[in-house]
Number of protein chains: 2
Amino acid sequence: MASRRRTPSAPQRRKPSDEAPVAAAAKAAVKVRDNGGPKGRSLTSGRPSFPASGERKTAAPDASNSASRKLVPSRRKSRSVARRQAILAAALDEFSQSGFAATRLDDVAVRASVAKGTIYLYFRDKESLFQELVLDMLAPLVSRIQVLGAIEIPVRVLAERMAELFVREVYETRRKDVMRLILLEGRRFPNLAEFYYREVLAPVLTAVRANLKCAVARGEAAPGLARFPQILVAPGLIAVIWSGLFDAYEPLDVRAMMETQIELLFARAGEGGAT
Amino acid sequence: MASRRRTPSAPQRRKPSDEAPVAAAAKAAVKVRDNGGPKGRSLTSGRPSFPASGERKTAAPDASNSASRKLVPSRRKSRSVARRQAILAAALDEFSQSGFAATRLDDVAVRASVAKGTIYLYFRDKESLFQELVLDMLAPLVSRIQVLGAIEIPVRVLAERMAELFVREVYETRRKDVMRLILLEGRRFPNLAEFYYREVLAPVLTAVRANLKCAVARGEAAPGLARFPQILVAPGLIAVIWSGLFDAYEPLDVRAMMETQIELLFARAGEGGAT
DNA sequence: AAAAAATGACTGACCAGTCAGTCAGTAACC
DNA sequence: GGTTACTGACTGACTGGTCAGTCATTTTTT
């Protein structure tokens, strides 16, 4: 816990080009940038109604006041959006390289080609940056998952689709790093873990479990699997961890591994099927 | 929360001491407390012949010079060993609660009922403490594992024994936290990850793979499994991660899950026919 | 009393977060 | 089109709290 808001009065700033006090006064009247405000805590607070990745600052887009004049987002706006993205991208690099605690915002700033202060224009603080990063990356996945639960298909097909979805949308993208981040930093960010459980894990598990129960009833799957759907996903998780730590010593073909796992689990039911 | 220290490596530390060369020389002549030295880097350097958890400081024990005098470890010695253990225990608590970077040695000291300086009597620095902690905790396991590879038994039995060993010796002990720590900090401590791979993972995988190959030849197991022995261990890893993050929302019965996994994987061979 | 062990106040690097000041863009007016 | 006024995004030097590591001093052991 360090420096917080403090409301001191005279910070004897000494800018090299000291100017007339007039300017300062004028500025003071205008100031009140109040950055943190725009999008708020999202998930930091008790109410974690995750923010859906919508816009945060530069609130009013095209359709509002100057609609007639400028349909074009105006150079400023688009620049600002790009900045936000640049910061997030840099943050992802740094966080996944060093973890939350060891990441310096100075480094993030450098990587994003931005001044450190700029980060605070877009994110309340380091923690906020971290959480928004995770949320932004996960949001698209969340919507995909809900779809997945609705359909009624053979377990094995479901498993295969999930595996494919996982490999394509997580393992082969930066989301892999995000997932690792959650797995690793989750303890320090209980609401992040909670969010992940609520929006990603629970839905997936519930869907799989429901499907499995039917499958078990039809004799397509073993009852044990319905109790521990985690088993189905386990290789994916292994892969994420493995790739971060041991790929140098022994690379792992995730796709093949997940396929193998499915093959093994459903071998009995699907007949000697295989190939 | 502010400032976290940066993480390991940090070669450019500034050592406040860089005083006049004279003083330095004097110090070198006298001092030489040289704490870290005794057991050294063990794994920090390139040659990681892991230290086996033997003694480190108070080097010469009973059998050497004063053997005739003191067969009894001497109060001092045993006290010092106890201290070391206390510090390690405290460190385990703190590290597994906060991770490497966010752990303060002041807290470790308090928890161990020791002054901060005392820690530096036993460990060269924070990083050293961390690595020795991990090594000490893992060493007993390593010897256990080598035994495991030698014997020639049915895969399923092997799998069951491994699962049991894992649950009893890792999951239900503090080693679970150590494992999490490795997963968590492995990227920042490549030699730690390397050590873990070399001494724990690789032997286990090799043993399992060898055994599986025979089993496959005998028709006791599917060939896919021999390619990805990781699949066998996956639920264990899941359990470790899960218990740290989501146990509050949905507890997980590891033993049952691992048993289920084994059941599922060997179901075909075990009952379907074809012994 | 000497030696070893232990202590904890202290130092200085470090870094999250701040804010006075700058200037590119935009708008308004000629 | 050109000129001027205004806005707010951006900057980066700076602050204050933090903490790894040190060492002169005190305590304990022999």
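Through which surface do the copies meet, given the interface residues of chain A and chain B? That is my topic today. A word of caution before the answer: this is a predicted model.

Start with the counts. Chain A puts 39 residues into the contact, and chain B puts in 42 residues. On the chain A side, several helices supply at least two residues each, including helix 2 (74–102), helix 8 (190–217) and helix 11 (254–266). Helix 10 of chain A gives the most, with nine residues. Sorted by class, the side of chain A that touches chain B holds 25 nonpolar, nine polar and five charged residues.

Now the arrangement. In general, two copies of a chain are related by a rotation about an axis and a shift along it. Here, a turn of 179 degrees and a shift of 0.2 Å along the axis lay chain A on chain B, with an RMSD of 0.3 Å. That is the relation of a two-fold axis.

Back to the opening question. Of the interface residues of chain A, 95% are also interface residues in chain B, so the copies meet through the same surface.

Last, one residue in chain B. Thr103(B) sits in the loop between helix 2 (74–102) and helix 3 (105–111) of that chain. Is Thr103(B) buried or exposed? Thr103(B) has 22 other C-beta atoms within 10 Å, and the cut-off for buried is 20 or more, so Thr103(B) is buried. Setting aside neighbours within four places in sequence, Thr103(B) is in contact with Glu94(B), Phe95(B), Ser98(B) and Val108(B). Glu152(B) is 49 residues from Thr103(B) in sequence, and their C-alpha atoms are 44 Å apart in space.

Notes:
Residues are numbered from 1 along each chain as its sequence is written. Chains are lettered from A and ligands numbered from 1 in the order in which they are written. This is a predicted model: local features need pLDDT of at least 70, side-chain atom pairs count only at pLDDT 80 or more; totals for chains, interfaces and linings use all residues. Two residues are in contact if their C-beta atoms, placed from the backbone, lie within 7 Å. Helices (H or I, at least four residues) and strands (E, at least two) are DSSP runs, numbered from the N terminus. Ala, Val, Leu, Ile, Met, Phe, Trp, Tyr, Cys and Pro count as nonpolar, Asp, Glu, Lys and Arg as charged, and the others, Gly among them, as polar. Copies are superposed by least squares on the C-alpha atoms of residues with pLDDT of at least 70 in both. A residue is buried if 20 or more other C-beta atoms lie within 10 Å of its own, exposed if 12 or fewer, and partly exposed in between; C-beta atoms are placed from the backbone.
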